[in-house]
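Me: I should like to learn how to read helix packing and burial in a structural model. May we work through one case together?

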Amino acid sequence: MNSLEIMEKATSFTMGKYMNTYYNVATEKHISYSELEKRAIDFSGKALMKVLYASDGMCKDYTREGNLRYDMAQLGGDAIKYELLKNIVNVAIYHKINNTKIGNIDKKEWKEDMSDDEIAVMVFNNIVDDGIDKGYSILNNEKVLESCCRTFANYRRKGKKEVLDNIASNNNLALEINHELDLYYARYGNY
């Protein structure tokens, strides 16, 4: 499996684990399915963050079965951030293609009240205007990084990832920027 497939498996596992654990509790407390799903996405994003901040990359939120916990730890921060940025590019272009209000924001600076999708477009705008280095440097902001992890968990699941994969394969701007990310990662990643 490549790094994207490992991360997709990990986010799928943590979201499924959360949904299965809290489904009955949510039903009893009259929490809507969409709210439960939102909480599962948040849980999954936080698990990605734990891998990034753990000295050994290990996160107990992932199962040992099938070596998922070990596989995530072996990816390392560079590979995870690389996949997060590629996802951000595709999410932002999705919003631009569909001419959503979020896709049309010009913001290049992080603000406290931004949604995850707005942060994706903000990071994308910085990459387009200032290069790949800027995208990586923005991920040094913990709140931006956490948002990018949630965005990955949200969009790299069945029903959504297929749309992003289509953008990554067919949109000229996505192809160009993702290629630049590939070159940057090949040159500087996992040093």
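Reply: Certainly. Please keep in mind that this is a predicted model. Two packed helices are described by the angle between their axes and the distance between the axes. Here, H4 and helix H6 (residues 142–155) pack with their axes 9 Å apart, at an angle of about 110 degrees.

Me: How is the arrangement of H4 and H6 to be classed, and why?

Reply: Angles from 65 to 115 degrees count as roughly perpendicular, so H4 is roughly perpendicular to H6. On the H4 side, Asp116, Asp117, Ile119, Met122 and Val123 take part; they meet Val144, Ser147, Cys148, Arg150, Thr151 and Tyr155 in H6. By class, this contact of H4 with H6 comprises six nonpolar, two polar and three charged residues.

Me: At what angle do H2 and H3 pack, and how far apart are their axes?

Reply: Helix H2 (residues 33–53) and helix H3 (residues 68–97) have axes 8 Å apart and pack at an angle of about 115 degrees. That makes H2 roughly perpendicular to H3. The crossing of H2 and H3 is left-handed. From H2, the contact uses Leu48, Val51 and Leu52, and from H3 it uses Met72, Gly77, Ile80, Lys81 and Leu84. Six of the residues in the contact of H2 with H3 are nonpolar, one is polar and one is charged.

Me: Which residues have the most contacts inside the largest nonpolar core?

Reply: They are Tyr62, Met72 and Val123, in a core of 49 residues. At least two residues of this core come from each of helix H1 (3–28), H2, H3, H4, helix H5 (132–138), H6, helix H7 (161–170) and helix H8 (172–188). H3 gives the most to this core, with 13 residues. Met72 illustrates the packing: leaving out residues up to four places away in sequence, Met72 touches Ile6, Met7, Ala10, Leu48, Val51, Gly57, Tyr62 and Ile80. There is also a second, separate core of eight residues, which includes Met19, Ala26, Ala40 and Ile41.

Me: Is Ile41 buried or exposed, and what does Ile41 touch?

Reply: Burial is judged from relative accessible area, with buried meaning under 20%. Ile41, in helix H2, counts as buried because its relative accessibility is 11%. Apart from residues up to four places away in sequence, Ile41 touches Met15, Arg150, Ala153, Asn154 and Arg157. Separation in sequence and distance in space should also be read side by side: Ile41 and Tyr155 are 114 residues apart in sequence, and their C-alpha atoms are 9.6 Å apart in space.

Me: Is Asn125 buried or exposed?

Reply: Asn125 lies in helix H4 (residues 116–130) and counts as buried, at 10% relative accessibility. Beyond its neighbours within four places in sequence, Asn125 is in contact with Lys96, Ile105, Asp106, Lys107 and Lys108.

Me: Where are His30 and Asn67 placed, and what are their phi values?

Reply: His30 is in the loop between H1 and H2. Its phi is near 60 degrees, a positive value in a residue other than glycine. Because its relative accessibility is 74%, His30 counts as exposed. Asn67, in the loop between H2 and H3, is not a glycine either, and has a positive phi of about 65 degrees. With a relative accessible area of 47%, Asn67 is partly exposed.

Note on methods. Residues numbered from 1 in each chain as written. Predicted model: local features only at pLDDT ≥ 70, side-chain atom pairs only at ≥ 80, totals over all residues. Heavy atoms only, no water. Axes fitted to C-alpha atoms, helices over the stretch in contact; angles between N-to-C directions. Helix = DSSP H or I, 4+ residues; strand = E, 2+ residues; numbered from the N terminus. Parallel < 35°, antiparallel > 145°, perpendicular 65-115°, else oblique. Left-handed = near helix turned anticlockwise from the far one by under 90°. Contact = heavy atoms within 4.5 Å. Nonpolar A, V, L, I, M, F, W, Y, C, P; charged D, E, K, R; others polar. Buried < 20%, exposed > 50% of the residue type's maximum accessible area, 1.4 Å probe, protein only. Core = buried A, V, L, I, M, F, W, Y, C linked by side-chain atoms within 4.5 Å.
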